[in-house]
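Visitor: Please take me through this one piece by piece, and let me interrupt with questions as we go.

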Amino acid sequence: MSSPRPSLDAMDALIQIVEAGSLTAAARRLGVAKSVLSDRLHQLEKTLGVTVLRRSTRRMSLTEAGQRYYEHARQILEQVADASAEAARMAGAPGALHGRLRIAAPVSFGAAHLGRALMPFLASHPALECQIELSDGTVDLLEGHFDLAVRIGRLPDSTLVARSLGVVERVVCASPTYLAEHGAPESTEALRDHATIGYSHVGAARLWTFLDGDGKPYVASTPPPRITANNGELIRDAAIAGLGIAVLPRFIVEDALRLGQLVIVLAQARLQRDTLNLVYPKDRRLPRKTREALNFLAQVLGADGVSASAPVSHQWPSGKNT
């Protein structure tokens with residue numbers, strides 16, 4: 001005689017509670033009574049014979065067994081959704097996407113590009129829920145239960161699969177006020193005599209990496225930054241205020257360059273470029289919703305001009321650059 005198996009509703013209850021962060025939030029999201037989810041969770045643990053969630057008055061967290069079960073249950077329900085969609089497609093019904101899609105992206109890029117790129121996709125799939133988290137820190141996709149993320153830069157994390165969309169151009173820039181008072185650096189070596197603005201998520205060695213005439217990287221020597229921020233817009237605003245020289249992606253400073261609030265310096269020096277990537281966990285079978293979102297975003301963002309080198313806007317005259 002086979003052992004009793006948890007129902008799909010019980011599996012979904014666990015997933016909803018974990019991803020919503022609490023029983024109350026999950027019940028509100030599903031439009032059911034909190035007691036309904038509590039009963040389903042209790043039945044799940046009774047059937048499994050193991051505790052999957054630790055409860056306290058302040059928070060709930062997965063046990064080790066619960067974490068493993070959550071990951072498998074999420075894949076199972078995604079496969080059920082895919083099977084249903086495939087059956088509907090074969091029957092001639094439209095293949096609508098269902099379930100939840102969790103996406104992480106950097107703040108500046110998400111605000112400037114991701115929303116515009118993603119919203120038509122969500123509009124065409126009204127049954128698909130989407131949770132977007134913008135953070136300039138490196139988000140753990142597995143711990144955060146994300147399906148995919150947008151990342152800019154080099155990807156040392158071998159637990160992720162990356163789909164490269166191209167490069168993001170970065171520029172060295174400063175305000176006309178700063179340059180009028182301090183002069184413009186005529187070479188990368190001259191940066192040691194200038195105030196710079198730092199980015200707290202990236203060390204100076206990576207931020208100020210240039211390429212020599214043979215394409216080999218080298219790090220320019222810069223003084224410790226007087227100002228450091230963890231967000232591109234804050235760094236841009238500090239540069240506009242004349243507080244130093246900054247390195248920023250062009251998509252963050254394009255308007256400031258166009259308006260003359262910032263100008264490009266060291267225009268002939270080549271910064272090491274960052275890569276624009278869509279990433280997802282390596283060991284997870286991609287559900288249809290994630291595959292289609294990846295393909296859609298790759299097509300739109302790849303043609304969005306984000307990764308293309310735009311023509312130089314305002315540029316400060318300078319001599320030969322190293």
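**Talking through the model**

Visitor: Let me start with one residue: is Leu122 buried or exposed?
Guide: Leu122 is buried, because its relative accessible area is 18% and the cut-off for that class is under 20%. Please keep in mind throughout that this is a predicted model.

Visitor: And where does Leu122 sit, in which helix?
Guide: Leu122 belongs to helix H5, which covers residues 107-123.

Visitor: Which residues does Leu122 touch, leaving out those up to four places away in sequence?
Guide: With those neighbours left out, Leu122 is in contact with Leu128 and Cys130. As for separation along the chain, Leu122 and Ala293 are 171 residues apart in sequence, yet their C-alpha atoms are 9.1 Å apart in space.

Visitor: Stepping back, how many helices and strands are in the chain?
Guide: The chain has ten helices and 15 strands. Of its 322 residues, 43% are buried, and the chain exposes about 16300 Å², of which carbon and sulfur atoms supply 52%.

Visitor: Among contacts between residues at least 6 apart in sequence, what share joins residues at least 24 apart?
Guide: That share is 77%. One pair that is distant in sequence is Phe251 and Glu169, which are 82 residues apart along the chain and 8.2 Å apart from C-alpha to C-alpha.

Visitor: Then what about Phe251 itself, buried or exposed?
Guide: Phe251 counts as buried because its relative accessibility is 19%, and this residue is found in helix H9, residues 250-259.

Visitor: New topic, charges. How many salt bridges does the count come to?
Guide: The count comes to ten salt bridges. As background, side chains of opposite charge can pair when their charged atoms come close.

Visitor: How far apart are the closest N and O atoms of Asp12 and Arg100?
Guide: In the salt bridge between Asp12 and Arg100, the closest N and O atoms are 3.8 Å apart. Since Asp12 lies in helix H1 and Arg100 in strand S3, the pair ties together parts that are 88 residues apart in sequence.

Visitor: What is the relative accessible area on each side of that pair, for Asp12 and for Arg100?
Guide: Asp12 is partly exposed, with a relative accessible area of 24%, whereas Arg100 is buried at 10%.

Visitor: And what does Glu19 pair with?
Guide: Glu19 forms a salt bridge with Arg74, and the closest N and O atoms there are 2.7 Å apart. This pair also links distant parts of the chain, with Glu19 in helix H1 and Arg74 in helix H4, 55 residues apart. Both Glu19 and Arg74 are buried.

Visitor: Which residues are linked in a network of salt bridges?
Guide: The network links Asp12, Glu19, Arg74, Arg100 and Asp147. As another example of a salt bridge, the side chains of Arg236 and Asp237 meet at 3.2 Å, N to O, and Asp237 is partly exposed, with a relative accessible area of 38%.

Visitor: Let's turn to pockets. How much space lies in the second largest pocket?
Guide: The second largest pocket holds about 410 Å³ of space. It is lined by 21 residues, and those closest to its centre are Leu77, Ala81, His98, Gly99 and Arg100. The elements that give two or more residues to this lining are helix H1 (8-20), H4, strand S3 (99-105) and helix H10 (288-302).

Visitor: Which element gives the most to that lining?
Guide: H4 gives the most, with seven residues.

Visitor: Now the surface: which residues make the nonpolar patch?
Guide: Leu8, Ile76 and Val80 make a nonpolar surface patch of about 210 Å². Val80 lies in helix H4, residues 64-90, and is partly exposed because its relative accessible area is 34%.

Visitor: One last thing, on the backbone: what phi does Leu266 have?
Guide: Leu266 has a positive phi of about 55°, although it is not a glycine. For context, most residues other than glycine have a negative phi.

Visitor: And where is Leu266 placed?
Guide: Leu266 is in the loop between strand S13 (263-264) and strand S14 (270-271), and this residue is buried, with a relative accessible area of 2%.

Notes:
Residues are numbered from 1 along each chain as its sequence is written. This is a predicted model: local features need pLDDT of at least 70, side-chain atom pairs count only at pLDDT 80 or more; totals for chains, interfaces and linings use all residues. Side-chain values use heavy atoms; hydrogens and water are left out. Patches are made of residues with over 30% relative accessible area and no salt bridge: like charges are joined within 9 Å, nonpolar side chains (Val, Leu, Ile, Met, Phe, Trp, Tyr) within 5 Å. Accessible areas come from the Shrake-Rupley method with a 1.4 Å probe; for residues, only the protein chains shown count as cover. A salt bridge is a side-chain nitrogen of Lys or Arg within 4 Å of a carboxyl oxygen of Asp or Glu. Helices (H or I, at least four residues) and strands (E, at least two) are DSSP runs, numbered from the N terminus. Buried means under 20% relative accessible area, exposed over 50%, partly exposed in between (1.4 Å probe, protein chains only). Contact means heavy atoms within 4.5 Å. On a 1 Å grid over the protein atoms alone, a cavity is a set of points where a 1.4 Å probe fits but cannot get out, and a pocket is an open set with protein on both sides within 12 Å along at least five of seven lines; lining residues have an atom within 4 Å of a point. Grid points are joined across faces, edges and corners, and a volume is the space filled by probe spheres set on the points.
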